[in-house]
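Here's a quick tour of a few spots worth a look while you have the model open. We'll go from a surface patch to a buried charge and then to some strand pairing.

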Amino acid sequence: MAGINHTGVTDFLLVGFPSSRDLSLLLFSLALPVVLLGLMGNLGLVVLIRAEGSLHTPMYYFLSHLVLLDLCSCCAVGPVMLQGLMAGWVTLPSLACALQMFLFAAAADAECCLLAAMAYDRYAAICRPLHYQAAMPPRLCRGMVLGSYMAGVASGAVHTSLAFRLPLCHSRILNSFFCDIPPVLALACADTSLSQALLLAICGTIQSITLLAILASYGLILGAVGPSASTCSSHLAAVAVLYGTLIFMYLRPEGSYSAQTDKMAAAFYTVAIPTLNPVIYSLRNTDVKGALAKQLLGRRHMWGN
């Protein structure tokens, strides 16, 4: 992000909010509890996994980093969106806009890589239970997480640096509620074909490879144990929601972007998915529910004494 182009546009005016004051307040009243639930749910799940020894397994190690990325997305976008719903618009300096774009893009691609790692972990646990410890040693788990973060950071850095090196001289008005890649590119008064091609190439490569790895892992699981692999349902639900939204948002031809439709999809990804993931991974997960009950009963017993 060191090469941000400040010529022409020094800040951005985000106006992707309803013009009706009553509608904005209604959306604010709906978005505020969702954002707060997302923050508390993800933070609570991270704390629970770190505190409960029974969850110190590769699966929950990956999950703790997945919810950290959800927490990052929620913190990067949620406060700005809530401020815009209250005021009707938000002004962001170029550096803040670039940082928001970088965090969002990096978290999205890192999540795809982590979901692939989690799928391989489920394959090793279900199809190779006798060799599970050898198949998923701590060093490999740490390497997978580090590789996921590195892929996300590299992807986010490429998209952000290319977007903000372009001469953004058409306007400073951004028809979005956060600094997403397509709306920023729409402000450029230069050829954006390279940025668009790299957006398709990088996102397409990461999402295609990780999705193929996930499908291969679950294909092998289904081949080994059949449809009784209900323990994987929560992971498959998270995969379907994330990949469906990302493919719709970024893997389309340039001319098919629609501001209103994309804003709805972006709101779903940046706010709804970080809130849904803790619910998906906890309500249908007996390990998490048992660990939570153990922690709550332990604290109740401690206070009772």
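A residue counts as buried under 20% relative accessible area, exposed over 50%, and partly exposed in between. Keep in mind that this is a predicted model.

Start with Leu23, which sits in helix H1 (residues 21–51). Leu23 counts as partly exposed because its relative accessibility is 39%, and that value lies between the 20% and 50% cut-offs. Leu23 also belongs to a nonpolar surface patch, together with Leu26, Leu27 and Leu30. Taken together, these four leucines have about 340 Å² of accessible area.

Now for the charge. Asp70 is part of helix H2 (residues 58–87). What is the nearest side chain of opposite charge to Asp70? That would be Arg50, 14 Å away, and Asp70 is buried with no salt bridge. Leaving aside residues up to four places away in sequence, Asp70 touches Asn42, Glu111, Pro274 and Asn277.

Last come the strands. Strand E1 (residues 11–14) pairs with E2 in the antiparallel sense, over four bridges. E1 also pairs with strand E3 (residues 173–174), this time in the parallel sense and over two bridges. Here are some of the residue partners:

| Residue | Partner | Partner's strand |
|---|---|---|
| Asp11 | Pro93 | E2 |
| Leu14 | Val90 | E2 |
| Leu13 | Ile173 | E3 |

Strand E2 (residues 90–93) has two faces: Val90 and Leu92 make up the covered one, while Thr91 and Pro93 make up the uncovered one. So of the E2 partners in the table, Val90 is on the covered face and Pro93 on the uncovered face.

Conventions: Residues numbered from 1 in each chain as written. Predicted model: local features only at pLDDT ≥ 70, side-chain atom pairs only at ≥ 80, totals over all residues. Heavy atoms only, no water. Buried < 20%, exposed > 50% of the residue type's maximum accessible area, 1.4 Å probe, protein only. Pairing = 2+ DSSP bridges. Patch = residues over 30% accessible without salt bridge, like charges linked within 9 Å, V, L, I, M, F, W, Y side chains within 5 Å. Areas by Shrake-Rupley, 256 points an atom, 1.4 Å probe, with all protein chains shown as cover. Lys, Arg positive; Asp, Glu negative; His and termini not counted. Contact = heavy atoms within 4.5 Å.
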